[in-house]
Amino acid sequence: MITIALIVAMTSEYEQVKSLLTDVKEEKVGPFTCVTGQHNGASFVLMQCGMGKVNAAAGATEMIRTFQPDYLISTGVAGGIDSCLRIMDVVVSRQLVHHDMWCGPGTERGEVQGVAKMFEGDRDMVRVAMGLPCETRIHGGLICTGDQFISDRKQLDEIKGAFPEGLAVDMESAAIAQVAYLYKVPFVSFRIISDTPGAEGHTQQWEDFWTNIAEGSFTVTKTFLEQLIEAKK
C-alpha cells in the first residue's frame with residue numbers, strides 16, 4: 001500500500017482533505033499534529049503546517065522523517081500571475097523556485113547556492129495531474145514561492161520580470177520542494193487559483209473565493225488523488 005503525504009497551509013484546506021479519509025487517527029509529530037487515514041486503498045498522512053516557508057519546510061521534514069511517504073504533495077491555493085489563468089484553474093508544478101531568494105554575487109535570483117536554482121516536480125505525478133478527466137483547466141508550469149502575500153502590481157511585475165515563465169505564486173511550495181529534493185521524495189504542488197494579484201479588486205477576489213468558491217474547488221484535488229492511486233496500483 002502506498003503512502004501519500006499531504007501538506008496544507010490553511011484550516012479550510014485541511015478540513016477538506018480530512019473529510020476524505022477513513023480510520024482517522026491524530027498523531028503528534030514534533031510541534032505539528034498529523035492525521036493518518038485511508039482512502040481508495042492508499043494510506044494518507046495529512047498535516048496543516050501553517051503559512052510561510054519556515055513552517056512548510058519544518059512540517060515537510062517532520063512528515064518525511066516520521067512516515068517515510070512514497071509521495072509528498074502540497075495542495076491548496078495560489079495566486080495566478082499569468083494572463084492565461086482564471087480563478088478555479090489549477091497549476092501543477094513542473095518547476096518551483098524561491099522568488100525572494102538571492103545568495104549574493106555570483107548567484108542568480110532564486111538559486112539556493114550549492115543546491116539548485118529551480119526544483120523539479122515529479123514527472124509521474126505531473127503527468128497524472130495533467131491528464132485528469134475533469135472540466136477544470138489544468139496548467140503545468142513554474143510556481144514561485146516567497147514569504148510575501150502578493151497584493152499589488154509592483155510586486156507582481158518584479159516577480160514576472162525575474163521569472164517570466166511563472167504561472168502562480170504562493171508561500172510554501174518551493175520550500176517543501178527543497179526538502180523533498182534533499183530527502184529524495186517525489187513531490188508535486190497542486191494549486192487551485194484563488195485570486196490574481198495585481199488585478200483590480202484583488203483583495204475582494206481572495207475574500208470571495210473563500211466565501212463562495214472554496215468548497216467546490218476541492219473536487220479537482222480529490223480527483224487528482226484518486227487518479228494518482230489508480231496509476232500506482
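**Figure 1. Asp100 and its salt bridge to Lys53.** Asp100 is partly exposed, having a relative accessible area of 33% (buried means under 20% relative accessible area, exposed over 50%, and partly exposed in between, with a 1.4 Å probe and protein chains only). Asp100 pairs with Lys53 in a salt bridge whose closest N and O atoms are 2.7 Å apart (a salt bridge is a side-chain nitrogen of Lys or Arg within 4 Å of a carboxyl oxygen of Asp or Glu). The pair connects distant parts of the chain, 47 residues apart: Asp100 sits in the loop between β6 (90–98) and β7 (119–120), and Lys53 in helix α2 (residues 53–67). Helices (H or I, at least four residues) and strands (E, at least two) are DSSP runs, numbered from the N terminus. Lys53 counts as buried, at 12% relative accessibility.

This is a predicted model, in which local features need pLDDT of at least 70 and side-chain atom pairs count only at pLDDT 80 or more, while totals for chains, interfaces and linings use all residues. Residues are numbered from 1 along each chain as its sequence is written, and side-chain values use heavy atoms, with hydrogens and water left out.

**Figure 2. Arg137 and Asp89, a salt bridge between two loops.** Here the closest N and O atoms of Arg137 and Asp89 are 2.7 Å apart. Arg137 belongs to the loop between α3 (123–130) and β8 (138–145), and Asp89 to the loop between β5 (71–80) and β6, so this salt bridge ties together parts that are 48 residues apart in sequence. Asp89 is buried, with a relative accessible area of 4%, whereas Arg137 counts as partly exposed at 29% relative accessibility.

**Figure 3. A salt bridge within helix α3.** Arg127 and Asp124 form a salt bridge, with 2.9 Å between the closest N and O atoms. The two residues are 3 apart in helix α3, which means that about one helical turn separates them. Arg127 counts as exposed, at 56% relative accessibility, and Asp124 as partly exposed, at 29%. Salt bridges with shared partners join Asp124, Arg127 and Lys232 into one network. Taking the whole structure, there are 10 salt bridges.

**Figure 4. Met88, a residue with positive phi.** As a rule, most residues other than glycine have a negative phi. For Met88, phi is positive, near 90 degrees. Look for Met88 in the loop between β5 and β6. Met88 is partly exposed, with a relative accessible area of 29%.

**Figure 5. Helix α5 and Lys184, the residue that follows.** How much of α5 is buried? Of its 11 residues, 8 are buried, so the helix is largely enclosed by the rest of the structure. The buried residues are Ser173, Ala174, Ala175, Ile176, Ala177, Gln178, Val179 and Ala180. After the helix comes Lys184, with a positive phi near 60 degrees. Lys184 lies in the loop between α5 (173–183) and β10 (187–195) and counts as exposed at 75% relative accessibility.

**Figure 6. Gln113 in the loop between β6 and β7.** Gln113 is exposed, with a relative accessible area of 53%. Leaving aside residues up to four places away in sequence, Gln113 touches Cys103 and Thr107 (contact means heavy atoms within 4.5 Å). For a sense of scale, Gln113 and Ala9 are 26 Å apart in space, C-alpha to C-alpha, and 104 residues apart in sequence.

**Figure 7. The setting for the close-ups.** The protein contains 6 helices and 10 strands. Its C-alpha atoms fill a box of roughly 45 × 40 × 30 Å along the principal axes. The radius of gyration is 17 Å, which agrees with the value near 17 Å that a compact globule of 233 residues would have (taken over C-alpha atoms, the globule rule being 2.2 Å times the number of residues to the power 0.38). Buried residues make up 55% of the 233 residues. Of the contacts between residues at least 6 apart in sequence, 76% join residues at least 24 apart. The protein exposes about 10300 Å², and carbon and sulfur atoms supply 49% of that area (from the Shrake-Rupley method with a 1.4 Å probe; for residues, only the protein chains shown count as cover).
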